[in-house]
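Colleague: Hi! Please put the model on screen, and I'll fire some beginner questions at you.

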Amino acid sequence: MAADPHAVVAGRTGGGGSPSGDVIWAVASPRGAAVRGVIRVSGEGAWDVVASMLGPASALPRKRGVAWVAVPVLGHEVHGMALVMRAPRSFTGEDTVELHLPGSPVLLAEVGARLAAAGARGAAPGEFTRRGFENGRLSLAEAEAVLDLIHAEDADAARRAAAVLGGGIDRSLAAVRSGILDARALLEAGLDFEEGETGEVPVEVWQRPVRAAMRRLEELVGEQTVGAGASDLVLLGPANAGKSSLCNALLGRCELLVSDIAGTTRDVLEVELPDGVRLLDAPGDLVSGVSDIDAAALDLRSRLVGSASGCIVVLDASRPDPALPALDGLEPVCIVWTHIDLVDGAPRFVPPSVEGSADGLPAFGVDALRGTGVAELRDFLRARAVSGRNACGVRVTDALRRGLAALGAACGALLPELGAAELDLALGCLDEVAGDSTPEDVLDRIFGQFCLGK
């Protein structure tokens with residue numbers, strides 16, 4: 001009995017584990033019977049493998065082109081169409097041949113078996129797209145956009161993926177990179193000079209292209225956020241409302257510092273929950289006694305939270321007259337009442353009224369210490385995240401946000417050498433978007449999400 005043409009060959013690793021240049025094949029059309037089925041073959045020697053399978057009377061074009069061919073299979077000749085693409089002008093950047101045949105799963109499996117006998121091996125999920133990435137035919141962001149386009153659930157999602165696939169984000173990042181390199185060169189030129197000496201580069205001169213780059217990155221973060229689904233949420237609320245304790249409770253372990261002293265959280269801290277949910281624990285609003293460092297922390301929050309798709313309002317149920325905090329332009333998805341163990345009265349917690357617009361928001365009462373209400377909140381966040389996830393938006397947004405933070409740190413650096421180091425860090429974040437500095441295991445996870453034949 002013929003093997004399933006959509007099955008992964010036993011014992012084979014993901015796309016990155018294959019020898020470079022070997023010939024791979026896979027069914028590139030959807031599973032099941034159809035009027036037309038497509039088998040894709042790629043790699044150095046792909047033309048020879050297909051020609052060998054077709055036989056000496058093959059009409060397979062030796063160069064680029066399309067031709068009608070007869071495939072000897074199941075004791076008969078089955079007529080179809082062959083499309084030949086020569087390296088580097090193909091999706092994978094390699095010699096590629098596509099066979100368009102009647103879409104019978106049994107027929108396609110038999111043709112695949114004949115290709116295997118001729119020297120091809122079954123492709124891993126995403127291996128064709130990964131080869132295109134490794135051969136410089138598309139960036140990692142564009143490769144992920146292929147996945148997003150395949151799984152787009154509406155026209156807007158498809159349009160966003162198509163924009164990335166068309167190279168829009170790569171062109172924008174090239175301009176950002178150019179500005180950062182200009183600033184880096186100016187900063188480097190002034191390192192050997194003291195303030196006031198001839199040759200010293202004024203701070204405002206090298207910071208000008210950096211701030212222009214920051215503005216463009218902020219725009220790109222906003223564009224990616226639209227497609228990033230519901231996985232990134234910022235915790236906003238008064239200082240000492242229990243945001244860090246809530247994160248620890250949702251995570252199931254103590255990872256963030258918790259203190260009774262208001263304003264303990266100074267940075268925007270990330271907490272990864274299961275199923276792709278990511279919480280950003282931001283500095284809380286201070287009612288009084290705002291120092292310079294407190295103001296800097298709140299300014300950092302305002303600059304970084306723009307990458308999130310929404311916010312969770314965290315309020316202390318034991319405090320009188322609760323009010324909605326500053327939302328920094330984010331859409332609230334729910335209200336979480338903490339410290340419900342300190343509320344006297346009814347055995348079942350009843351959310352108090354809130355000053356401001358909170359009508360219609362889901363409300364959860366949580367005791368982070370005992371775990372009361374944590375499971376219900378976690379289920380809500382998981383369900384919300386799964387509904388809108390896309391592959392490219394989350395990873396790209398994370399890299400852009402870290403690059404933006406590095407540029408901000410460069411502008412605030414006390415020493416030119418520190419500013420230069422932050423600019424280098426920002427350039428590294430841009431490399432992550434294109435995939436120039438992405439670890440192999442991360443590539444394996446990304447391309448492992450593709451179906452066979454892509």
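Colleague: I clicked on Glu432; is Glu432 buried, partly exposed or exposed?
Modeller: Glu432 is partly exposed, with a relative accessible area of 24%. Buried means under 20%, exposed means over 50%, and partly exposed is in between (1.4 Å probe, protein chains only). Keep in mind that this is a predicted model: local features need pLDDT of at least 70, side-chain atom pairs count only at pLDDT 80 or more, and totals for chains, interfaces and linings use all residues. Residues are numbered from 1 along each chain as its sequence is written, and side-chain values use heavy atoms, with hydrogens and water left out.

Colleague: Thanks! Which residue forms a salt bridge with Glu432?
Modeller: Arg402 does, and the closest N and O atoms are 2.6 Å apart. A salt bridge here is a side-chain nitrogen of Lys or Arg within 4 Å of a carboxyl oxygen of Asp or Glu. The pair links distant parts of the chain, with Arg402 in helix H11 (residues 391-411) and Glu432 in helix H12, 30 residues apart. Helices (H or I, at least four residues) and strands (E, at least two) are DSSP runs, numbered from the N terminus. Arg402 is partly exposed too, at 30% relative accessibility.

Colleague: How many salt bridges are there in the whole structure?
Modeller: The search finds 17. Another one joins Arg177 and Asp431, with the closest N and O atoms 2.2 Å apart. That pair also links distant parts: Arg177 is in helix H6 (residues 168-189) and Asp431 in helix H12, 254 residues apart. Arg177 is partly exposed at 26%, and Asp431 is partly exposed at 22%.

Colleague: And what about Arg40, which residue does that one form a salt bridge with?
Modeller: With Glu98, and the closest N and O atoms are 3.0 Å apart. Arg40 lies in strand S2 (residues 34-42) and Glu98 in strand S5 (residues 96-103), so the pair ties together parts that are 58 residues apart in sequence. Arg40 is buried, with a relative accessible area of 17%. Glu98 counts as buried as well, at 11%.

Colleague: Next door I see Leu99; where is Leu99 found, and is Leu99 buried or exposed?
Modeller: Leu99 is found in strand S5. Leu99 counts as buried, at 0% relative accessibility. Not counting residues up to four places away in sequence, Leu99 touches a list that includes Val50, Met53, Val69 and Val111. Touching is a contact, which means heavy atoms within 4.5 Å. The C-alpha atoms of Leu99 and Val69, 30 residues apart along the chain, are separated by 8.8 Å.

Colleague: Which residues meet where H1 and H2 come together?
Modeller: Val49, Val50 and Met53 in H1 meet Val111, Arg114 and Leu115 in H2. Helix H1 (residues 46-54) and helix H2 (residues 105-117) pack at an angle of about 115 degrees, with their axes 9 Å apart. Axes are lines fitted to C-alpha atoms, for helices over the stretch in contact, and angles run from 0 to 180 degrees between N-to-C directions.

Colleague: Let's zoom out: how many helices and strands does the chain have?
Modeller: The chain has 13 helices and 12 strands. Of the 454 residues in the chain, 48% are buried. Among contacts between residues at least 6 apart in sequence, 65% join residues at least 24 apart.

Colleague: Any backbone oddities to look at?
Modeller: A little background helps: most residues other than glycine have a negative phi, and most peptide bonds are trans. The peptide bond from Ala87 to Pro88 is cis, with omega near 0 degrees. Pro88 lies in the loop between strand S4 (76-85) and S5.

Colleague: And what is the phi of Leu74?
Modeller: Leu74 has a positive phi of about 55 degrees, although it is not a glycine. Leu74 sits in the loop between strand S3 (65-73) and S4, and counts as exposed at 51% relative accessibility.

Colleague: What about His339, where is His339 placed?
Modeller: His339 is in the loop between strand S11 (332-338) and strand S12 (363-365). His339 also has a positive phi, of about 60 degrees, and is not a glycine. At 27% relative accessibility, His339 counts as partly exposed.
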